[in-house]
Amino acid sequence: MNSFIVATALLFLAGPTLALASPGDKPSPYVQTVDELLLKDGSRVYGRIESESETEVVFRTTSGAAVTTPKTRIASVRPVLGRMIRGEFRPEDPNSTRLAFAPTGRALPRGQTYLGVYSALVPFLQVGITDRFSAGIGTPLVFTDDGDRAFWVSPKLQVYAGNGNYASVGVLHVFAGDENLGIGYGVFTKETSGGAFTLGAGAAYSSHGVQSAVVMVGGEAPVRRNIKWITENYAWDGTVVSSGGFRFFGERLAADLVLAIAFTDSSTFAFPVVNFVYRF
């Protein structure tokens with residue numbers, strides 16, 4: 001428990017960093033806000049309203065084409081986040097604060113929440129309390145023989161955000177009967193024109209003290225409009241876990257299909273990871 005107290009204290013010590021970082025924040029050069037024009041026939045285009053009259057709208061798409069349509073054919077016009085990749089506008093991933101399992105340096109905005117399930121057995125909930133700080137809780141759907149139900153908390157604080165660079169610190173602390181364990185971590189994400197990469201480091205601990213250091217390297221790259229490649233790779237105490245797969249996502253729902261391979265001193269084995277996250 002002492003390790004948990006120390007790790008949690010790091011979140012509050014990061015407060016001065018947060019205060020210094022906020023005024024100088026610059027928006028990502030890769031992510032932009034555009035308007036989504038949805039027509040009643042289901043057609044969808046992205047860009048800006050260039051002009052409008054009482055009866056029609058002229059919409060300039062992100063590719064530069066002008067679309068003129070009667071207002072009676074328009075279902076909605078709303079702002080959306082996304083990025084231009086090879087001349088095509090692609091909406092943002094609704095689960096951008098996580099890879100398949102590991103957090104990224106991005107923060108969950110205030111008032112937003114995501115509900116997810118890891119491998120169909122581990123539900124979790126994360127809530128954006130401020131634009132920098134979020135907190136979550138989760139519990140497995142399986143029980144131990146003695147009937148104790150393990151659960152965890154996951155506070156996360158973003159200490160820097162600017163120009164496509166994001167840094168956060170956090171704790172994943174598990175309460176498991178008489179045993180408490182978890183990991184305190186720091187993570188950095190850098191966006192690029194074609195995706196992002198993430199570096200993380202942490203200290204795994206239990207009620208008996210710090211157990212080992214953990215290093216993580218991850219990345220993401222778009223494949224199609226609503227599909228991206230994700231990978232995350234860990235190393236600790238002679239064990240290496242490497243994973244890669246695809247994320248399929250819409251406006252609010254994201255699904256991960258990933259294959260992970262673990263390399264230990266005595267064996268090598270692979271296992272699938274299937275996750276679902278709904279953001280609201």
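Two residues are said to be in contact when heavy atoms of theirs come within 4.5 Å. With that in mind, a reader may start at Val117, a residue of strand E7, which covers residues 113-118. In this structure, which is a predicted model, Val117 touches Val122, Pro123, Phe124, Val274, Asn275 and Phe276, when residues up to four places away in sequence are not counted. One of these partners, Phe276, is 159 residues apart from Val117 along the chain, and yet the C-alpha atoms of the two are separated by 5.4 Å. Is Val117 buried, partly exposed or exposed? Its relative accessibility is 27%, and because buried means under 20% and exposed over 50%, Val117 counts as partly exposed.

From this one residue the view can widen to the whole chain. The protein chain contains two helices and 19 strands, and of its 280 residues 44% count as buried. Among the contacts that join residues at least 6 apart in sequence, 43% link residues at least 24 apart. The chain exposes about 14,400 Å², of which carbon and sulfur atoms supply 64%.

The strands E16, E17 and E18 offer a stretch that can be followed step by step. Strand E16 spans residues 227-236, and ten bridges join it to strand E17, residues 239-249, with the two strands running antiparallel. Within this pairing, Asn233 stands opposite Ser242 of E17. The two strands form a hairpin with two residues between them, and Asp237 lies in the loop that connects E16 and E17. Although Asp237 is not a glycine, its phi is positive, at about 45 degrees. With a relative accessible area of 59%, Asp237 is exposed. Strand E17 then pairs with strand E18, residues 253-263, again in the antiparallel sense and over ten bridges, and here Val240 has Phe263 of E18 as its bridge partner. E17 and E18 also make a hairpin, this time with three residues between them.

Another residue with a positive phi that is not a glycine is Asn163, where the angle is about 55 degrees. Asn163 is placed in the loop between E11 and strand E12, the latter covering residues 165-176. At 42% relative accessibility, Asn163 counts as partly exposed.

The spaces left between the atoms come next. Rolling a probe the size of a water molecule over the atoms shows where empty space is left. The largest pocket has a volume of about 1,400 Å³, and its lining consists of 50 residues, of which Phe101, Ala102, Tyr118, Leu172 and Tyr234 lie nearest its centre. Strand E13, residues 179-192, gives the most to this lining, with six residues. What is the chemical character of the lining of the largest pocket? Its residues divide into 35 nonpolar, twelve polar and three charged.

The second largest pocket has a volume of about 1,100 Å³ and is lined by 36 residues, with Leu81, Glu92, Asp93, Gln112 and Arg279 lying nearest its centre. Strand E1 (32-39), strand E2 (44-52), E5 and strand E11 (156-162) are the elements that give two or more residues to the lining of this second largest pocket, and the largest share, four residues, comes from E5. The lining of the second largest pocket divides into 14 nonpolar, eight polar and 14 charged residues.

Besides these pockets there are spaces from which a probe cannot get out, and the count of such cavities of 30 Å³ or more comes to one. The largest cavity has a volume of about 200 Å³ and is lined by 19 residues, of which Arg83, Glu92, Asp93, Pro222 and Lys228 lie nearest its centre. Strands E5 (74-85), E6 (88-91), E14 (195-206), E15 (209-224) and E16 (227-236) each supply at least two residues of the lining of this largest cavity, and E15 gives the most, with four residues. Which kinds of residue make up the lining of the largest cavity? They divide into seven nonpolar, two polar and ten charged.

Two residues tie these last descriptions together: Glu92 and Asp93 are among the residues nearest the centre of the largest cavity, and they are also among those nearest the centre of the second largest pocket.

Notes
Residues numbered from 1 in each chain as written. Predicted model: local features only at pLDDT ≥ 70, side-chain atom pairs only at ≥ 80, totals over all residues. Heavy atoms only, no water. 1 Å grid on protein atoms, 1.4 Å probe; cavity = no way out; pocket = protein on both sides within 12 Å on 5 of 7 lines; lining within 4 Å. Points joined across faces, edges and corners; volume = space filled by probe spheres on them. Nonpolar A, V, L, I, M, F, W, Y, C, P; charged D, E, K, R; others polar. Pairing = 2+ DSSP bridges. Buried < 20%, exposed > 50% of the residue type's maximum accessible area, 1.4 Å probe, protein only. Areas by Shrake-Rupley, 256 points an atom, 1.4 Å probe, with all protein chains shown as cover.
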